[in-house]
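Biologist: I'd like to learn how to read the enclosed spaces inside a protein model. Could you walk me through it?

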Amino acid sequence: MRYFDLIVVGGGHAGIEAAVSAARMGISVAIVTMEKTAFGRMSCNPAIGGSAKGHLVHEIDALGGVMGVIADQSGIQFRTLNKSKGPAVWAGRSQNDRSIYSLVASNVVISQNNIEIIEDSVTEADQEDKKIIGVRTKKGDEIGCKALVVCSGTFLNGLMHTGLNATKGGRFGEQSVVGLTESLVKLGFESGRLKTGTPPRLRKDSINWSVLSEQSGDVPPIAFSFRTPKNEFPYLPQLSCYITYTDPTVHKILEKGFDRSPMFTGLIHGVGPRYCPSIEDKINRFSDKERHQLFLEPEGLESDLIYINGFSTSLPVEIQFEALRKIKGLEEVVMVRPGYAVEYDYFPPHQVDLTLETKLIRGLYFAGQINGTSGYEEAAAQGIVAGINAALKIQGRTEFVLKRSEAYIGVLIDDLVGKSTDEPYRMFTSRAEHRLILRQDNAKRRLMKYGYEFGLIEKEFYDELKRRETLITKSKDILSEKKIHPSTINSYLESCNTDTISNSETLDKLVKRPEVKLSEIIERIIEKEEVLNSLHDDSEALEQVEIEIKYDGYIQRQIELIDKMEKLESVLIPLNFNYTNLKAISTEGREKLSKVKPRSIGQASRISGVTPSDISVLLVYLKR
């Protein structure tokens, strides 16, 4: 029997991060995947990032993960979303070449030391005394391990639906995994069903591009990864996406298929993503809307396929085709492949701890869609946390848990564990109460120290971070002390359409004005300190200083709130605490606390159904 420190089940976005991070930390890893050429395969939209999701990619990168690197090397369009708004919601997004993304991902896994790829599927998890000891595979192999990370995506008893037709499979052209769900249920886990979907694929040369609105990428584009050399980026030619819309005629055609919709006829039992609904669900739920926006996005440089973002559907094939041909620009379109929904097993995430280790079986971790999330980025974020924690546990080191105040990843996992989910969970900026502090531009400053500690970040990058941190601190001190005379700055202030000054002002006070740019202020200082010259030449440090000065009041209020919350987070609850004896706590509160087993009062206070009075009672008992 072969034996590895860690087995990772699945070669998707979660599995890649789990396997690569653990291997880089020096443990032996087997990654079990049904197809070794399918690493990182983008089963839905070939895009990375977006609102809030882009934050996750930058955080994964800051920890030493690989999603940002792969996205940069395969990106065919890069855009920063929400630039007209504040920096808290700026979010990077890339459109990617589907084939190249998977090829780069495969190269990352194959070239990593300490990883062995096994082309098979895991059908059973073995445990002894509530501790994982290995797996059994479809081919009949038994493989031993100290830890197991399950990143099964949509493959557990996957069932694909188009109209009234249903076929077994985890995604187009690939088989589902049978047996693993049943094995985990036998161990005592609770499972459920969720569903997701994908739109039709269209042939590029059958679309009338001339009547559509073009959406180009940023010039210059901004990379996700700090490892990507600026002088080599972008690696690939950049393409545009295009915008079109549905209309009432399209909606009427789609409604004709509702009586054969697997969603509306009850064939699909799993719950779909509320925030990324199918086109039939949009029409049904938002019947007052006359149109819905659609994005036509290329699947690759050499591909003739176009992804129609916003038109996810499982309606009958002929209805999909008829409706598509009534959309502006698609009057002669060729549908290469119809859209479909996929229904799959998941395990409600109250069954995992904040490390993503299951509460029932030691050494067993769940990451990605098995925990009820939706999206490549959410999966990858869980994958790197599970991989790091599995390696730390094997090495006998302290576990790794990110707080809500430290990262969107911390928000994601805290939400999953504390609130669980009965629908696909998607990350939004609104879920993060400290989002002005958790910006994508400062992800390295927040998280790189952890990646360096785990051996996932090279010393040269960490030293560069420390150098920049010193520059930022010194620059802010100088800007708060150095004054500028009205005669030097008033002409510039007039050009910015902001009030002039009659007395000398400190530089930071002027930078607080929305119209004023820090770089232009520094350029007008007659005698510059060496520090400010260095700041002016370092665009990354310059941006950090400017944001922190302009939003100082808001940032300080969030820091004060975090300090208050830290007091609750520091009140720890024993994991074996018996809540059933606390009769003064509400029945629902006792049930939820017993189910989640929170680590602290802070985590307990965020559990849905646990009231403030429940928390007060719990505090009294803990003090006793």
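Modeller: Happy to! Two ideas come first: a cavity is a set of grid points where a 1.4 Å probe fits but cannot get out, and its lining residues have an atom within 4 Å of a point. Helices are DSSP runs of at least four residues, numbered from the N terminus. Keep in mind that this model is predicted.

Biologist: How many cavities of 30 Å³ or more does the count give here?

Modeller: Three. About 50 Å³ of space lies in the largest, and the second largest holds about 40 Å³.

Biologist: Let's take the second largest. Which residues line that cavity?

Modeller: The lining is made up of His13, Ile16, Glu17, Val66, Met67, Ile70, Tyr101 and Ala380. Helix H1 (13–24) and helix H3 (67–74) are the elements that give two or more residues to this lining, and H1 gives the most, with three.

Biologist: What is the chemical make-up of the lining of the second largest cavity?

Modeller: Six of its residues are nonpolar, one is polar and one is charged.

Biologist: And which residues line the largest cavity?

Modeller: There you will find Asp441, Lys444, Arg445, Leu465, Arg468, Glu469, Ile472, Glu540 and Gln544. At least two lining residues come from each of helix H11 (443–453), helix H12 (459–481) and helix H17 (539–550). H12 has the largest share, four residues.

Biologist: How does the lining of the largest cavity divide into nonpolar, polar and charged residues?

Modeller: Charged residues number six in that lining, alongside two nonpolar and one polar.

Note on methods: Residues are numbered from 1 along each chain as its sequence is written. This is a predicted model: local features need pLDDT of at least 70, side-chain atom pairs count only at pLDDT 80 or more; totals for chains, interfaces and linings use all residues. Side-chain values use heavy atoms; hydrogens and water are left out. On a 1 Å grid over the protein atoms alone, a cavity is a set of points where a 1.4 Å probe fits but cannot get out, and a pocket is an open set with protein on both sides within 12 Å along at least five of seven lines; lining residues have an atom within 4 Å of a point. Grid points are joined across faces, edges and corners, and a volume is the space filled by probe spheres set on the points. Ala, Val, Leu, Ile, Met, Phe, Trp, Tyr, Cys and Pro count as nonpolar, Asp, Glu, Lys and Arg as charged, and the others, Gly among them, as polar.
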